[in-house]
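This report looks at a ligand shell, a sheet and a pair of helices. Please keep the structure in view while reading.

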Amino acid sequence: MRIFITGAAGFIGSNLSRFLLQRGHSVIGIDNFSYGEQRNLKSIINHPNFEFITGDILNSFIYAEVKADVIVHLASQKIPRYNNAYRTLVENDTMLKNIVKKALRDDSRVLFASTSDVYGKNPIIPFSEESDLLLGPTTVKRWAYALSKINGEHYLIACGEEFGLKYTINRFFGSYGPNQNLTWWGGPQSLFIEKALKKEPIDIHGDGTQTRTFTFIEDTIAGITKCVESENANGEIVNIASNPEEEVSILELARKIWGIVNPTDKEPMINFVPYSTFGKYEDVARRVPNIDKLITKFNYKPSYSLEQGLIETIKWQRELTNFTS
Ligand SMILES: NC(=O)c1ccc[n+]([C@@H]2O[C@H](COP(=O)([O-])OP(=O)(O)OC[C@H]3O[C@@H](n4cnc5c(N)ncnc54)[C@H](O)[C@@H]3O)[C@@H](O)[C@H]2O)c1
C-alpha cells in the first residue's frame, strides 16, 4: 500500500514509518519539525520506498500531488498544560479539514489519531469505544485538547455520512518508547527517566495516585498497522492500548523507573508539584482501556509489559543522552 503520514518526524510517526516500510509498504511522510526531530528519521530517510516532505499541513498546496491509499493523520497540537489552548483548537481543526478535503479528492481513507483523553473524567472503567466522553468545564483549558479530538471524530463521522468519506479513528493510550519527545510534550516517561539518570527529584503532578495504562510504542504501531492494512477498519473507532492489567499510578511509574535506573537505591527522589501550579487544572483519576475490539476484530493482542517497555526506553534514552551530552 501507499501510505501518507502526517507528523512523520514525531514520536509515533517515525516509528510507524519504519514499521510500515519493513512490511513492504511505500511511505510518504510530512513534518514541519515543530516538535519532530531529524534524528527520528535517521534509519529510514534513505529507504527507497520512503519520501519525505518538510512542510506545514496547514498549507495544503505542499502535499497536493501526494496520492495514497491511506492517510495516517498524526500531526497535532497537544495538551495545553503549560500552553495556550488557541493553537490546539485552531490548528487541529484546520489540519483535519485539509486532510479530509484531500482524502475525498483522492479517494483515500483517513486514519485519525485521537486520544484516550476524550474519555475525560468518566469514572466508569474500563473505557470501551462506546463509553461516554465526560469533560470538565471550559474554564479548565486542558480539556481543549480532548475537545479538539472529539470535534475531529465527529467531523470524520459526519463526512462519512455526508460524502462517503472512508475513515478510521484510533484512540491512543499514553504511548512511550524510543523517539519519544524528551519534554512534557511526550508524557511523563522521558522526564522521569532523565531525572533518575541525573539522580535529581522526579516531579509528580498532584499526589501521584492518578493512574494510566501506558502502551509501549511497538504495541502502538502494531495496532495502528492492523487498522491501516484492514478494510474492516473503515468506519471504526479503535482503542490502541496495552493490556488493562498494566494500569499503574504515576507514583508507581516513578518508582519503577527509578528502580530500573538506580537499582541499589532503596527510595526514589520525588518532588510533588501541586496542580495549582498550572492554574485551574483537572486531572483524570484513572485511565484504563477496554481492548476487546483490538483483540477480536483486529486480531492484535499487545505483547509488552510496562517493565519490558521501560527497560527498552531507558536503554534508548541513556544512549541518546550520552550521545548528545
Ligand atoms: N504519544 C501518545 O501517547 C499519544 C496519545 C494520544 C494521542 N496521541 C496523538 O497521536 C498523534 C501523534 O502523537 P506523537 O506523540 O507522535 O506526537 P509528536 O508531537 O511527537 O508528533 C507529531 C508531529 O507532528 C508535527 N506537526 C505538528 N503540527 C504540524 C503541522 N502543522 N505541519 C506539519 N507537521 C506538524 C510535529 O512536528 C511532530 O513531529 C497526535 O495526534 C497525538 O495527539 C498521541
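## Residues around the ligand

In this predicted model, 29 residues surround the ligand, and the nearest of them are G7, G10, I12, G36 and S76. Two or more residues of the shell come from each of helix 1 (11–22), strand 2 (26–31), helix 2 and strand 5 (109–115). Helix 1 contributes the most, with three residues.

By residue type, the shell around the ligand consists of 13 nonpolar, 12 polar and four charged residues.

## The sheet

Strands of a sheet pair through backbone hydrogen bonds, either parallel or antiparallel. Here, seven strands form an open sheet in the order 3-2-1-4-5-6-11, and the pairing is parallel. Strand 3 (50–54) and strand 11 (236–240) are the edge strands, each pairing on one side only. On average, neighbouring strands of this sheet are turned by 20° against each other, with direction ignored.

One pair in the parallel sense is strand 1 (residues 2–6) with strand 4 (residues 70–73), joined over four bridges. Within this pair, I3 has V70 of strand 4 as its bridge partner.

## Helix 2 and helix 3

Helix 2 (residues 86–106) and helix 3 (residues 143–163) have axes that come within 10 Å and cross at roughly 20°. Angles under 35 degrees count as roughly parallel, so helix 2 and helix 3 are roughly parallel to each other. Their crossing is right-handed.

Helix 2 makes the contact through residues including T88, L89 and N92, and helix 3 through residues including A144, Y145 and S148. The contact residues of the two helices comprise nine nonpolar, five polar and one charged.

Note on methods. Residues numbered from 1 in each chain as written. Predicted model: local features only at pLDDT ≥ 70, side-chain atom pairs only at ≥ 80, totals over all residues. Axes fitted to C-alpha atoms, helices over the stretch in contact; angles between N-to-C directions. Parallel < 35°, antiparallel > 145°, perpendicular 65-115°, else oblique. Left-handed = near helix turned anticlockwise from the far one by under 90°. Contact = placed C-beta atoms within 7 Å. Nonpolar A, V, L, I, M, F, W, Y, C, P; charged D, E, K, R; others polar. Near = placed C-beta within 6 Å. Pairing = 2+ DSSP bridges.
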